[in-house]
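Trainee: I keep losing my way when I look at how helices pack. Could you take one helix and go through its neighbours slowly?

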Amino acid sequence: MKKQPKTSRRSFLKGASLITAGFVASPLLSSAQTNLPKKEDNSIYLIGPQEGYSPHIGALLSTMTMMRKWVINTVNDLTVEQLDFQIDEKSNAVGAMLLHLAATERYYQLNTFDNLDWGTWDNAIKEKWDVASGLGEKGREEIKGHDVSYYLAKLEEVRKVTEKEFAKRDDDWLMKAEPFFEGKQTNNYCKWFHVCEHESNHRGQMKFILKRLPS
């Protein structure tokens with residue numbers, strides 16, 4: 001992707017205000033920043049700024065944390081056989097989708113944290129994650145035989161990197177944009193929101209599959 005001039009946070013906020021109903025500039029975030037949840041209160045339902053992160057990054061991360069917990073709760077008690085189950089020869093197994101979520105997050109890390117154009121990372125990374133990223137026939141052949149702890153460890157591995165890197169950045173970085181989705185200006189906020197909603201999408205697929213497991 002050809003890099004375009006950076007979009008300033010000021011210009012993004014001006015353009016986005018009509019569609020976000022003032023969320024980006026909302027005083028709720030600034031006021032919430034003075035009343036952050038205490039570390040001992042680990043409720044996943046406290047969406048908003050988080051200690052150690054800039055206001056919007058913290059709010060984004062809290063949403064991602066909630067969604068990840070829902071995914072984990074959906075699969076936590078599954079057996080290897082259940083994780084490998086496919087409805088038909090074209091469907092993806094739950095285990096494969098879990099590894100796919102880890103691969104997706106890893107690739108967005110490389111794109112947004114390391115400023116690498118999509119797919120330009122080295123072959124060692126591709127060898128580790130490309131099958132899970134692409135799924136399809138190769139994913140159905142290769143991603144199976146693992147227990148749930150294997151998949152959850154992969155998800156945790158990449159999430160720790162995300163949390164660490166988020167803490168190094170501020171809301172100006174979150175609003176930084178370049179041509180991405182459909183070749184249109186896309187900021188880091190949108191990219192990481194996509195990582196979150198991507199998990200929501202696949203969690204829905206997982207629940208559909210689990211309702212159809214053999215008795």
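Mentor: What follows is a close look at helix 3 and two partners, with a few words on the chain before and on two loops after.

This is a predicted model, in which local features need pLDDT of at least 70 and side-chain atom pairs count only at pLDDT 80 or more, while totals for chains, interfaces and linings use all residues. Residues are numbered from 1 along each chain as its sequence is written, and side-chain values use heavy atoms, with hydrogens and water left out.

The chain has ten helices and two strands (DSSP runs numbered from the N terminus, H or I of at least four residues for a helix and E of at least two for a strand). Along the sequence their order is α-α-α-α-α-α-α-α-α-β-β-α. Of the 215 residues, 42% are buried (under 20% relative accessible area; over 50% is exposed, and partly exposed lies in between, with a 1.4 Å probe and protein chains only). Among the contacts in the chain with a separation of 6 or more, 69% join residues 24 or more positions apart (a contact is heavy atoms within 4.5 Å).

Now to helix 3, residues 55–75. Its axis lies 10 Å from that of helix 10 (residues 188–210), and the two pack at an angle of about 15° (axes are lines fitted to C-alpha atoms, for helices over the stretch in contact, with angles from 0 to 180 degrees between N-to-C directions). Helix 3 is therefore roughly parallel to helix 10 (under 35 degrees; over 145 is roughly antiparallel, 65 to 115 roughly perpendicular, the rest oblique). The crossing of this pair is left-handed (the near helix is turned anticlockwise from the far one by less than a right angle).

Helix 3 brings residues including His-56, Leu-60, Met-67 and Trp-70 to this contact, and helix 10 brings residues including Tyr-189, Trp-192, Phe-193 and Leu-210. By class, the contact has 13 nonpolar, four polar and four charged residues (Ala, Val, Leu, Ile, Met, Phe, Trp, Tyr, Cys and Pro are nonpolar, Asp, Glu, Lys and Arg charged, the others polar).

The other partner is helix 5. The axes of helix 3 and helix 5 come within 11 Å and cross at roughly 160°, which means that helix 3 is roughly antiparallel to helix 5. This crossing, too, is left-handed. Here Met-64, Arg-68, Val-71 and Val-75 of helix 3 meet Val-94, Leu-98, Leu-101 and Glu-105 of helix 5. The classes in this contact are six nonpolar, no polar and two charged residues. Met-64, Arg-68, Val-71 and Val-75 also appear among the helix 3 residues that meet helix 10, so look for them when you turn the model.

Two loops are worth a stop for their backbone angles. Most residues other than glycine have a negative phi. Asn-115 is not a glycine, yet has a positive phi of about 60°. Asn-115 sits in the loop between helix 5 and helix 6, and counts as partly exposed because its relative accessibility is 44%. Glu-182, also a residue other than glycine, has a positive phi near 55°. Its place is the loop between strand 1 (177–179) and strand 2 (185–187). With a relative accessible area of 72%, Glu-182 is exposed.
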